[in-house]
Amino acid sequence: MKQDQSKIIREQVDRSALREHSTPLYLTSSFIFDSAEQGRAVFAGEEDAMIYSRYANPNTSEFINKVCILEGAEAGLSFASGMAAVFASFAGIIESGDHIVSSRAIFGSTHQLFTELFPRWGVTTTYVDAANPEEWEKAIQPNTKIIFLESPSNPGLELVDLEWLGKFKEKYPHIILSIDNCFATPYLQKPIQYGFDLVIHSATKYMDGQGRVLGGIVVGKQELIDKLMFFIRHTGPALSPFNAWIISKSLDTLGIRMDRHCSNALALAEALENHPEIEDVKYPFLPSHPQYELAKKQMKAGGGIVTFVVKGGFERAKAFVDHLEMILYTSNLGDSRSIATHPASTTHSKLSEDERLNLGIKPGSIRLSVGLEDQQDIINDILQALEKTKQ
């Protein structure tokens, strides 16, 4: 039996009569019917065929199929962005009066959904300490609809024991277990094998891998994807065929790229761990990480993100990023180029200071998305910026 990498490289939509080797771009808004009867049958669900690129397109279908192969999922849907995927995974399912249980360490925009948007619809959320089983148990309510988490989390790299949570959820078969698997990618971690119902990705990150396009995807159980399909069919968060084509091509190299991201990230974490200008370094495959053994149990490698705290707080962090010479400063991650981000003033700036501290985000915290450059060049750039900003 072929391994995943072989499967996704060979996964391709049906060739046209032109016998093209590489999947072409299907830049069409709609698809024609051979007859009025076929049009009726397709809209009635009696015949499976493309209708409109807002619903499905050969390029988006190929992308979805590849991610389903990697995650071991029954079906999936693509979206215009990662947050569109996150939003739809809830909005297509929840109803007024429902309750969500979420790990506390989540992305800032997802936090805003839970605290600002969903309460308008009568949906409440309870946050829990992901590493504390007692909190998960206490948080469940009769109206709990979804359990949601990120692992590793953004940006604190906190892990959740996926096997434990999958077994915990067995006591509540009516609850949907959902995870944002963006940081790990399906190459490093496969939540569905632990009993997860839905897996979400910002394809903008490692799936594209070069900072070119936006995209998102949700894969999981067929019955849930069918439910979400109704939502996206009538709300329109569609991924463009061009972006789907780009990301689908990029998935062919996901494995080899993640291997390099991970080896570079581990080397950087090791180089910074005992540096006198660094307060703390977090990386899942660093033995000093409090959940190191768990990381080794459920992840193939530690991923491409290293989070560290520079001494001197906010002002030192600002000076540090301004003195980076090769590494870029932006809010994206998962790029072939190394990227530094200051979460407290960018991605998580809408959270209160107490909320940030609860997530391990300090004024001096830096999230480093480690790229594919030469390993020593990445380390040297960090070291020279630290040296120039010593206080």
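In which hand, left or right, does helix 4 pass helix 9? The crossing is right-handed. The model described here is predicted.

## The sheet

The sheet is open and is made of seven strands, arranged in the order 1-7-6-5-4-2-3 with mixed pairing. Strand 1 (75-79) and strand 3 (124-128) are at the edges; each has a single partner strand, so one side of each has no neighbour in the sheet. From one strand to the next, the twist averages 20°.

Strand 5 (residues 176-180) and strand 6 (residues 198-202) run parallel and are joined by three bridges. S178 has L198 of strand 6 as its bridge partner.

## Helix 4 on the sheet

Helix 4 covers residues 82-91. It lies across strand 1, strand 2 (99-103), strand 4 (144-150), strand 5, strand 6 and strand 7 (216-220). Relative to strand 6, helix 4 runs at about 155°.

## Helix 4 against helix 9

Helix 9 spans residues 222-235, and its axis and that of helix 4 come within 9 Å. The two axes cross at roughly 115°, and the crossing is the right-handed one noted at the start.

On the helix 4 side, the residues that meet helix 9 are F87, A88, S89 and A91. Their counterparts in helix 9 are L228, F231 and I232. The residues of this contact comprise six nonpolar, one polar and no charged.

Definitions and conventions. Residues numbered from 1 in each chain as written. Predicted model: local features only at pLDDT ≥ 70, side-chain atom pairs only at ≥ 80, totals over all residues. Heavy atoms only, no water. Pairing = 2+ DSSP bridges. Helix = DSSP H or I, 4+ residues; strand = E, 2+ residues; numbered from the N terminus. Axes fitted to C-alpha atoms, helices over the stretch in contact; angles between N-to-C directions. Contact = heavy atoms within 4.5 Å. Left-handed = near helix turned anticlockwise from the far one by under 90°. Nonpolar A, V, L, I, M, F, W, Y, C, P; charged D, E, K, R; others polar.
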